[in-house]
Amino acid sequence: MSQEAVAGQRNYLEVLNILHEQLLPDLYMEVGVRNAGSLSLAKGCAVGIDPLKQFTKELPATTLFYEMTSDDFFAAAKNSNIEEKVDLAFIDGMHLFEYALRDFINIEAYATPWTVVVLDDMCPNHPAQAARDRKTTVWTGDVWKLRDCLKRYRPDLVQILLDTWPSGLLLIIGLDPSNTALSDNYETILKEYVHNDLAVPEGVLRREGAMAPNNELIVSTCELIKTVRTSHEPQEQMHKLRKLLAWRGL
């Protein structure tokens, strides 16, 4: 297999677009904007964060772009006591485990039971693509480790791995801002997962457990999430959502 191989049953931008169309988030947040191809999918209020502006296209007035690191952005937001809640978020920033983990922790602080977080680069197509020191044009880094980390430290979260082109997406549902397991164990987690010599499991390279990103799967999942959003008892509905997703093998 080529070190520059890519794979997937559907382009990740198509999946993101369906999520926007189905969920109609009041606030969308994106970490890692690059050419704004994904940020431009937002149909309402949106926030994009990237330390380097690389796009030239005009974004609508409802989209705000912050040219800074995500760490700096969230530090400033915390000091400003911002209380807006994020309905949909896309993490595609620095392709290193610890950065993606911090972005997830920071976004969860502004989450609700119906927030959906999407992580990119969860399925390296070749071990070389997963190197912490970039060696290939197609680079996922070691973000794939986050899936295992969340299974261990946050088994309450629902994870849906999608077989998207070019390097897989992970949908995370059931966020809980009151859960501090990740931040409380942050240093321990880094010692366990931040290693240059940690081999990529064959199951990760084969995308074991990845679902076909078809319309039926995505739309039906969004319908369940919208049920939680409009409920007067979101926690109870979230419990039902988890049971339904588990019943569907997700």
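Accessible areas here come from the Shrake-Rupley method with a 1.4 Å probe. On that basis, the protein chain exposes about 11900 Å², and carbon and sulfur atoms supply 52% of that area. Please keep in mind as you look around that this is a predicted model. The chain has nine helices and nine strands. Its radius of gyration is 17 Å, close to the 18 Å that the globule rule gives for 250 residues, so the chain is as compact as a globular protein of that length.

**The chain as a whole**

- Taken along the principal axes, the C-alpha atoms fill a box of roughly 50 × 45 × 35 Å.
- Of the 250 residues, 52% count as buried.
- If you take the contacts between residues at least 6 apart in sequence, 69% of them join residues at least 24 apart.
- The chain carries 25 positive and 35 negative charges, and the mean positions of the two sets are 3 Å apart.

**A run of parallel strand pairings**

A good place to start is β4, working from there through β3, β2 and β5 to β6.

- Strands β3 and β4 pair in the parallel sense, with four bridges between them. Here valine 47 stands opposite leucine 64 in β4.
- On to the next pairing: β2 and β3 run parallel and are joined by five bridges. Valine 47 turns up again, as the bridge partner of methionine 29.
- Four of the five residues of β3 are buried, so this strand is largely enclosed by the rest of the structure.
- Strand β2 (residues 27-31) also pairs with β5 in the parallel sense, over four bridges. In this pairing, glutamate 30 stands opposite phenylalanine 90 in β5.
- Strand β5 in turn runs parallel to β6 (residues 116-120), and four bridges join the two. Isoleucine 91 has leucine 119 in β6 as its bridge partner.

**The two faces of β5**

- In a regular strand, the side chains alternate between the two faces of the sheet.
- You can follow this along β5 (residues 88-91): Leu88 and Phe90 point one way, while Ala89 and Ile91 point the other way.
- All four of these residues are buried.

**Leucine 169, a buried residue with many contacts**

- Leucine 169 lies in strand β9. Its relative accessibility is 0%, so leucine 169 counts as buried.
- Leaving out residues up to four places away in sequence, leucine 169 touches Tyr12, Val15, Phe90, Val118, Leu119, Asp120, Met122, Ile160, Leu161, Leu162 and Thr164.
- Two of the names in that contact list will be familiar from the strand pairings: Phe90 faces glutamate 30, and Leu119 is the bridge partner of isoleucine 91.
- Leucine 169 and leucine 23 are 146 residues apart in sequence, with 17 Å between their C-alpha atoms.

**Threonine 62, in a loop**

- Threonine 62 lies in the loop between β3 (45-49) and β4 (63-66).
- With a relative accessibility of 40%, threonine 62 counts as partly exposed, because that class runs between the cut-offs of 20% and 50%.
- Outside its neighbours within four places in sequence, threonine 62 is in contact with Gly44, Cys45 and Ala46.
- Glutamate 4 is 58 residues from threonine 62 along the chain, and their C-alpha atoms are separated by 37 Å.

**Backbone spots worth a look**

- Most residues other than glycine have a negative phi, and most peptide bonds are trans.
- Alanine 36 has a positive phi of about 70°, although it is not a glycine. This alanine lies in the loop between β2 and β3. With a relative accessible area of 0%, alanine 36 is buried.
- Aspartate 121 also has a positive phi without being a glycine, at a value near 65°. Its place is the loop between β6 and α4 (145-153). Aspartate 121 is buried, with a relative accessible area of 6%.
- Tryptophan 165 and proline 166 are joined by a cis peptide bond, with omega about 5°. Proline 166 is found in the loop between β8 (164-165) and β9 (169-173).

Technical notes
Residues numbered from 1 in each chain as written. Predicted model: local features only at pLDDT ≥ 70, side-chain atom pairs only at ≥ 80, totals over all residues. Heavy atoms only, no water. Rg over C-alpha atoms; globule rule 2.2 N^0.38 Å. Buried < 20%, exposed > 50% of the residue type's maximum accessible area, 1.4 Å probe, protein only. Contact = heavy atoms within 4.5 Å. Lys, Arg positive; Asp, Glu negative; His and termini not counted. Charge placed at Lys NZ, Arg CZ, Asp CG, Glu CD. Pairing = 2+ DSSP bridges.
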